[in-house]
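Good morning, everyone, and thank you for making room for me on the agenda. Please take a moment to look at the structure on the screen, and then I will walk you through it piece by piece.

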Amino acid sequence: MLKFVQFLEKSGFKLAKIATPDPQLFASFPEDIRAVNEVDEQSPPDAATVLGICWNLGSDTFQYNAPKADGKITTKRELLSLVAGIFDPVGVIAFATTPGKLLVQLCFREGLRWDDTLPDHLQRNVDEWIEKLRSLNTTFPRRCTMLAVEWPTLELHVFADASQFVFAAIAFVRSMAPDGSIDVQPMLAKTRLGPMKGLSIPRLELNACVLAARVSSLLVREFKVPFKSITHWSDSSAALGYLRNTKTRFSVFVGHRVEEIQATTSIDSWRHIPTKSNPADCLTRGRFPSGLRDDQLLRGPSFLWGPP
């Protein structure tokens, strides 16, 4: 690591404020490029910021705190500013940001201008969302597995779902140790709003499957680790019927999406899951987890924790 830092410095790219949870590695760096610890200069700081996200070095987790909403949000301009100011690159708090995006879309649906005062029914929804947002304080593991083994067996599970206005996909990595221990960690979540003109539920579900296929392709490409298996899950029989059909000539809308799914994923990897067991359903409904670490949105469905 130190050689890499020195190589970058020779090229005119000097790194600074370097932090690591390993005290020995931290001590090996020159003092002028270490992250500052005001209590003990020889030890790593308790927390650091990584691309705007708080990294708790003690527990080696990322922490997401509620964004600051100064004053009352009363216009579409202020609402959009708050929603756009939430930085969540991997979708860990997509369950919290998606309702805000949907509220912005509702403002457009009702034809509000940027500085018009929000109508009472919208204002109540905005106030309720902001109140939930202020109570947000969740942690997210930095690693894809918490098992203390060198080479666990990894499986990728991606879930897709859609509602009338939102479609979403969320991915979990299931790791298994030789002794049978199992760990499940969320890796990436993506949500998209449906078009203003609306779509049928089967087409929205198909869009969710496309999003799930893109999420799995992204993780396989970026992780560069071998997954024993990759499984995609959807609770829509109609969408699964679309992508398993290799003979029918569909309309342009359906055909393009089915073609992308079939080209980037294995048809045999798609399975049906009951809605109540689908963690992506929480994203499309805008439901905040009741108990953060015990909710299937962050732990995955219970069957992932059982034996194969």
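I would like to begin with helix α6, residues 201–223, which has 23 residues and reaches 32 Å from its first C-alpha to its last, close to the 33 Å expected at 1.5 Å a residue; that expected span is 1.5 Å times one less than the number of residues in the helix. When I say helix or strand, I mean a DSSP run, H or I over at least four residues for a helix and E over at least two for a strand, numbered from the N terminus. After α6 comes Lys224, whose phi is positive, near 55 degrees.

Before I go further, a word on what we are looking at: this is a predicted model, in which local features need pLDDT of at least 70 and side-chain atom pairs count only at pLDDT 80 or more, while totals for chains, interfaces and linings use all residues. Residues are numbered from 1 along each chain as its sequence is written, and side-chain values use heavy atoms, with hydrogens and water left out.

Let us stay with α6 a little longer, since Ser216 has its place in this helix. Is Ser216 buried or exposed? Ser216 is buried, with a relative accessible area of 3%, where buried means under 20% relative accessible area, exposed means over 50%, and partly exposed lies in between, using a 1.4 Å probe and protein chains only. The side chain of Ser216 makes a polar contact of 2.9 Å with the side chain of His232, and a polar atom of the Ser216 side chain also lies 2.9 Å from the backbone oxygen of Ala213. A polar contact here is a pair of N or O atoms within 3.5 Å; within protein, one must be able to donate a hydrogen and the other to accept it, and residues adjacent in sequence count only if both atoms are side-chain atoms. If we leave aside neighbours within four places in sequence, Ser216 is in contact, meaning heavy atoms within 4.5 Å, with Leu156, Val158, Ile230, His232 and Thr265.

Now to the sheets. One open sheet has five strands in the order β7-β6-β5-β8-β9, with mixed pairing, and two strands are said to pair if DSSP finds at least two bridges between them. Its edge strands are β7 and β9 (270–272), each of which pairs on one side only, and the twist averages 25 degrees from one strand to the next. Within this sheet, β5 and β8 pair in the parallel sense over six bridges, with His157 standing opposite Thr231 in β8. Strand β8, residues 229–234, also pairs with β9 in the parallel sense, over three bridges; there Trp233 stands opposite Arg271, and Ser234 has His272 as its bridge partner. Helix α7, residues 237–244, lies across β8 and β9 and runs at about 155 degrees to β9, where axes are lines fitted to C-alpha atoms, for helices over the stretch in contact, and angles run from 0 to 180 degrees between N-to-C directions.

The other sheet I want to show is also open, with four strands in the order β1-β2-β3-β4 and antiparallel pairing. β1 (47–50) and β4 (137–141) stand at its edges, each with a single partner strand, so one side of each is left without a neighbour in the sheet. Four bridges join β1 to β2, and Ala48 has Trp55 in β2 as its bridge partner.

What fills the interior? In soluble globular proteins, nonpolar side chains tend to be buried together. Here the largest nonpolar core has 46 residues, and those with the most contacts inside it are Leu79, Phe95, Trp129, Phe159, Ile170 and Leu283; such a core is a set of buried Ala, Val, Leu, Ile, Met, Phe, Trp, Tyr and Cys residues joined through side-chain atoms within 4.5 Å. Helix α4 gives the most to this core, with six residues. Apart from it lies another core, of 29 residues, among them Ala162, Cys209, Val210 and Ile261.

To finish with the whole chain, there are 10 helices and nine strands, and buried residues make up 45% of the 308 residues. The C-alpha trace spans about 60 × 55 × 40 Å along its principal axes.
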